Amino acid sequence: MAALWHTLRPEETILQLRTDREQGLESQEAMRRLQEVGPNLLQEAESTSWVILLFNQFRDFMVLVLLAATIISLLLGEMGDGITIVAIVIMNAVLGFLQEYRAEKSVETLRALTAPEARVVRDGIIQPMLAQDLVPGDLIELEPGDRIPADARLMTVTGLQTEEAALTGESTPVQKTTGDIPDLALPLAERTNLVFMGTAVSRGRGRAVVVATGMATEIGTIAHLIREAVDEKTPLQRRLEQLGKVLVVLSLFIVAVVVMTGLVRGEPLYQMFLTGVSLAVAAIPEGLPAIVTIALALGVQRMIQAHAIVRRLPAVETLGCTTVICSDKTGTLTKNQMTVIELWISGGYFSLDSSGRFVTKGNSLNQDALEHLVMGAALCTNARIDEDGASRGDPTEVALLRAAVTVGVDPGKASASHRRLAEIPFESERQRMSVLVEHGDERRVYVKGAPDVLLARCRYVEQNGQVVPISQSLRLEAMDANDSMTAKALRVLLVAYRRVAVDDPSDGWDNDLVLLGLEGMIDPPRAEAIKAVREAQKAGVRTVMITGDHPNTAGAIAKQLGMLRNHDEVVTGRELERMTDEQLVERVDQIRVYARVSPPHKLRVVRAWKARGHIVAMTGDGVNDAPAVKEADIGVAMGMTGTDVTKEASAMILTDDNFATIVEAIREGRAIYDNIRKFIRYLLSCNVGEVLVMFLAAFLGLPLPLLPIQILFVNLVTDGLPAMALGIDPPDPHVMDRRPRPPKESIFARGLGTKIGFRGILIGVSTLAVFGLSLGPWGMGLREARSMALATLVLSQLFHVFDARAEDRSFLEVGLFSNPWAVLAVLSSIMMLVAILYVPWLGQLFKTDPLAFGDWLIVIAASGFIQFLAAFRDLALKPLRRSVRLWAR
């Protein structure tokens with residue numbers, strides 16, 4: 001029945017809802033209905049208790065592997081390593097829990113700030129109450145600025161207009177009526193005798209009877225659509241899960257080979273079992289989940305400082321690989337504030353420049369005529385601007401007031417000196433509004449409205465302070481000016497006036513008018529959005545506009561934003577409906593603007609991009625954006641103007657409603673992924689080196705180069721702080737100069753696997769060479785040789801920290817001290833190495849001997865010769881590269 005309310009007459013609606021048109025519901029009946037239908041609230045996602053939220057942190061595959069490794073280590077009596085792994089797992093869980101918990105609390109705070117109220121008629125008394133207590137049958141009073149608390153059928157209206165951009169995408173107010181509309185299949189935007197929850201009153205007044213509350217409203221219908229969307233794992237989650245499984249399989253295979261080789265050579269079973277387990281623990285990079293979480297969490301903290309709340313930790317990383325941003329227009333790419341940008345008076349144009357002033361586009365124009373134009377328009381409004389700059393009323397009328405202020409006319413003073421005596425409000429049939437004012441001894445009628453209607457009623461024009469008959473050529477000039485503005489998708493109003501006598505009848509006010517001029521307005525693009533779109537294009541990210549607005553308006557805004565190129569298309573919702581899903585997938589690359597669309601259309605567009613293998617972000621603030629926001633790989637809601645439904649569906653909320661913040665999120669996401677690659681490169685290279693040392697020694701028939709406890713020590717000092725320092729490496733300054741990585745790209749792409757293998761072999765061979773030479777030509781004992789191997793293995797990995805910081809540059813180009821945390825982490829690990837070599841009781845525990853000065857020279861040379869070669873290469877070749885660049889210019 002809810003879909004048919006617009007077809008009923010007001011009295012039929014009252015009868016159907018068993019209420020009273022004047023007295024409203026009785027309080028007892030309202031309470032009974034509240035218990036029956038429930039509160040007027042949208043259902044939110046079921047809240048997860050903090051206990052379950054914390055428990056969920058331990059369900060990750062890699063975390064489960066670490067817990068198993070902990071149990072094995074403890075069974076072997078390796079308390080230090082077991083405690084270390086447990087500490088890392090707990091830190092990982094706590095960080096993830098705190099970030100998700102804090103994000104949810106931030107969203108709850110935002111929601112509490114917008115708790116709506118309503119003026120309700122109960123027991124014949126108008127009283128304020130929380131909107132959540134409304135029930136079907138309640139009478140509500142509506143005034144300018146009110147947020148409509150429920151779906152309702154209008155009983156009476158006085159010039160009532162509502163802003164429905166949040167629901168339908170329309171940027172201009174909708175004129176409301178009370179008559180029944182018999183069309184059963186009428187689109188939502190054309191049901192003018194209804195008002196809808198979540199929209200707002202822009203002008204006029206009205207009384208309505210509530211017909212639907214909560215999830216039964218139109219917003220509630222969209223909320224149901226949100227629940228149909230499927231949550232998918234982010235690319236990072238998928239890759240890390242895949243990586244964890246591969247590492248486990250490879251580690252177990254290599255450990256099995258090492259253990260079997262040792263047993264074949266006659267090594268004791270217990271010794272090889274300890275070695276195998278130690279190698280398994282060392283080969284699995286237990287720091288990986290913790291470092292990923294820390295990198296994401298620190299990125300989230302930086303995003304909070306940049307006015308964004310990340311509701312899910314992986315969201316920033318997903319934005320980093322985004323290839324398409326599907327964005328609503330109104331309030332996201334534009335200011336959601338109608339602005340007069342062109343004025344025309346007899347003789348030429350004024351246009352709004354970048355500094356916010358009207359400047360002449362034609363001949364030298366009369367300032368008095370310009371001031372009269374904007375004053376006449378300002379007098380013919382019911383909006384107002386408060387002293388603090390806040391505005392109330394119809395957006396179009398607010399734009400007229402702001403234009404007057406820009407020209408130098410104070411609307412407040414103008415209204416005070418021109419006392420309003422009467423008004424004929426705007427009606428769709430008249431297409432104009434008229435006001436009668438008194439200024440001294442003179443009475444005037446000011447009129448504003450559609451140029452094609454009012455221009456025919458103008459017989460005179462004001463030129464140089466004189467009223468003269470309007471010529472045919474001037475009429476054509478005015479028509480051309482109107483056509484020029486409308487071609488730019490401007491909304492155009494003509495302003496005129498006439499002097500009247502005391503006894504002139506009101507039905508003659510709009511005849512024989514004096515033409516003052518035209519005002520053209522539009523909801524302009526945000527300045528920061530223009531820059532953000534340009535930066536996104538530079539970074540290889542496409543921006544697509546999806547809006548409910550008129551195609552001409554949407555196309556004009558898209559051109560100003562730099563979104564439309566030569567062969568790009570603007571498609572309407574009707575054209576979209578004629579396409580099959582397969583046809584849309586084929587054409588989606590060429591379409592940059594979708595106009596006059598509904599929520600199902602937005603879902604189709606997002607799904608079409610995803611079907612082509614793209615990572616899709618959807619930004620928006622209105623309720624109509626919520627389903628697509630939920631369906632997208634990453635949903636971004638606006639915190640200031642966004643609806644609760646959209647925020648609930650989103651992965652990230654922009655608290656400043658700034659589209660440019662998305663570019664920063666993309667930059668942050670790319671930097672985070674780069675850092676993840678850095679510490680994966682570092683960790684796996686080191687693990688390959690550790691395993692290779694043991695494997696080659698067993699293969700060559702050498703004694704074990706490292707004891708199990710020494711292997712665990714290497715794992716402790718190299719896989720902890722140094723790897724974490726790589727996770728917070730500062731972003732590459734050129735991170736936004738490259739295209740997004742392919743959504744299905746392996747984490748080992750772009751040569752990372754080769755680099756890991758090469759460096760791992762280098763670490764393993766250099767360590768084994770030092771060990772072999774120590775035992776042979778240098779005549780050292782087994783314990784001292786193991787100490788040399790231990791120091792070489794540790795320093796090789798610590799040197800690699802600086803090498804891993806850049807994929808295509810040397811550590812000197814990146815800067816040795818550009819990440820002070822990496823320097824501190826390396827120094828800390830070196831201090832621990834020195835401690836187990838020179839502190840007697842630690843030497844006994846780890847079975848090491850002190851190294852002499854000459855021994856250290858050998859260790860440093862074997863560990864760092866690659867860095868020394870890279871430094872020499874840079875120092876030698878840098879002048880040559882500079883000369884080549886200068887010659888090329």
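This is a short tour of the structure above, a predicted model, with suggestions for what to select at each stop.

**Stop 1: the whole chain**

Start with everything in view, coloured by secondary structure. The chain holds 33 helices and 27 strands. Of its 889 residues, 55% count as buried. Switch on a surface and you are looking at about 38,500 Å² of accessible area, with 58% of that area belonging to carbon and sulfur atoms. As for how the chain meets itself, 71% of the contacts with a separation of 6 or more are between residues 24 or more positions apart.

**Stop 2: the cores**

Now hide the surface and select Trp344, Leu515, Met545, Met652, Tyr682 and Leu833. These belong to the largest nonpolar core, a set of 130 residues, and they are the ones that touch the most other members. Which helix should you colour to see the largest share of this core? Pick helix 25, residues 660-700, which supplies 16 of the core residues. Elsewhere there is a second, separate core of 42 residues, and Leu42, Val211, Ile219 and Trp609 are among them. As background, nonpolar side chains in soluble globular proteins tend to be buried together.

Stay with leucine 833 for a moment and display what surrounds it. Beyond its neighbours within four places in sequence, leucine 833 is in contact with Phe713, Leu790, Ala791, Val794, Leu795 and Trp856.

**Stop 3: two buried loop residues**

Select threonine 19, in the loop that joins helix 1 (10-17) to helix 2 (27-37). Is threonine 19 buried or exposed? Its relative accessible area is 15%, so threonine 19 is buried. Draw a distance from its side chain to the backbone oxygen of glycine 137, and you should find 2.9 Å. Setting aside neighbours within four places in sequence, the contacts of threonine 19 are Ile14, Gly24, Leu25, Gly137 and Val209.

Next, go to methionine 338, in the loop between helix 12 (329-333) and strand 10 (339-345). This residue has a relative accessibility of 8% and therefore counts as buried. Show its surroundings: apart from neighbours within four places in sequence, methionine 338 is in contact with Pro395, Thr396, Ala399, Arg491, Met521, Ile522 and Asp523. Add glutamate 397 to the view as well; although 59 residues separate it from methionine 338 along the chain, the two C-alpha atoms are 8.8 Å apart.

**Stop 4: salt bridges**

Colour the charged side chains for this part. Side chains of opposite charge can pair when their charged atoms come close. How many salt bridges does a search of the whole structure find? The search gives 36, and a few are worth a visit.

- Arginine 9 and glutamate 11: their side chains meet with N to O at 3.1 Å. Arginine 9 is partly exposed at 39% relative accessibility, and glutamate 11 is partly exposed too, at 42%.
- Arginine 526 and glutamate 528: the closest N and O atoms of this salt bridge are 3.4 Å apart. Here glutamate 528 is partly exposed, with a relative accessible area of 28%, whereas arginine 526 is buried at 14%.
- Aspartate 729 and arginine 805: the closest N and O atoms of this salt bridge are 2.8 Å apart. The pair links distant parts of the chain, 76 residues apart: aspartate 729 sits in the loop between helix 27 (721-727) and helix 28 (752-775), and arginine 805 in the loop between helix 29 (782-803) and helix 30 (811-814). Aspartate 729 is buried, at 4% relative accessible area, and arginine 805 is buried with a value of 4%.

To finish this stop, select Glu29, Arg32, Arg33 and Glu36, which salt bridges with shared partners join into one network.

**Stop 5: positive phi angles**

Turn to the backbone. Aspartate 512 has a phi near 55°, a positive value in a residue other than glycine. You will find aspartate 512 in the loop between strand 20 (491-500) and strand 21 (513-522), partly exposed at 33%. Lysine 847, also not a glycine, has a positive phi of about 60°. Lysine 847 lies in the loop between helix 32 (840-846) and helix 33 and is partly exposed, with a relative accessible area of 40%.

**Stop 6: a nonpolar patch**

Bring the surface back and select Ile860, Phe865, Phe868 and Leu869. Together they form a nonpolar surface patch with about 350 Å² of accessible area. Centre on phenylalanine 868, in helix 33 (residues 853-888). Its relative accessible area is 45%, so phenylalanine 868 is partly exposed.

Terms used. Residues are numbered from 1 along each chain as its sequence is written. This is a predicted model: local features need pLDDT of at least 70, side-chain atom pairs count only at pLDDT 80 or more; totals for chains, interfaces and linings use all residues. Side-chain values use heavy atoms; hydrogens and water are left out. Patches are made of residues with over 30% relative accessible area and no salt bridge: like charges are joined within 9 Å, nonpolar side chains (Val, Leu, Ile, Met, Phe, Trp, Tyr) within 5 Å. Accessible areas come from the Shrake-Rupley method with a 1.4 Å probe; for residues, only the protein chains shown count as cover. A salt bridge is a side-chain nitrogen of Lys or Arg within 4 Å of a carboxyl oxygen of Asp or Glu. Helices (H or I, at least four residues) and strands (E, at least two) are DSSP runs, numbered from the N terminus. Buried means under 20% relative accessible area, exposed over 50%, partly exposed in between (1.4 Å probe, protein chains only). Contact means heavy atoms within 4.5 Å. A polar contact is a pair of N or O atoms within 3.5 Å; within protein, one must be able to donate a hydrogen and the other to accept it, and residues adjacent in sequence count only if both atoms are side-chain atoms. A nonpolar core is a set of buried Ala, Val, Leu, Ile, Met, Phe, Trp, Tyr and Cys residues joined through side-chain atoms within 4.5 Å.
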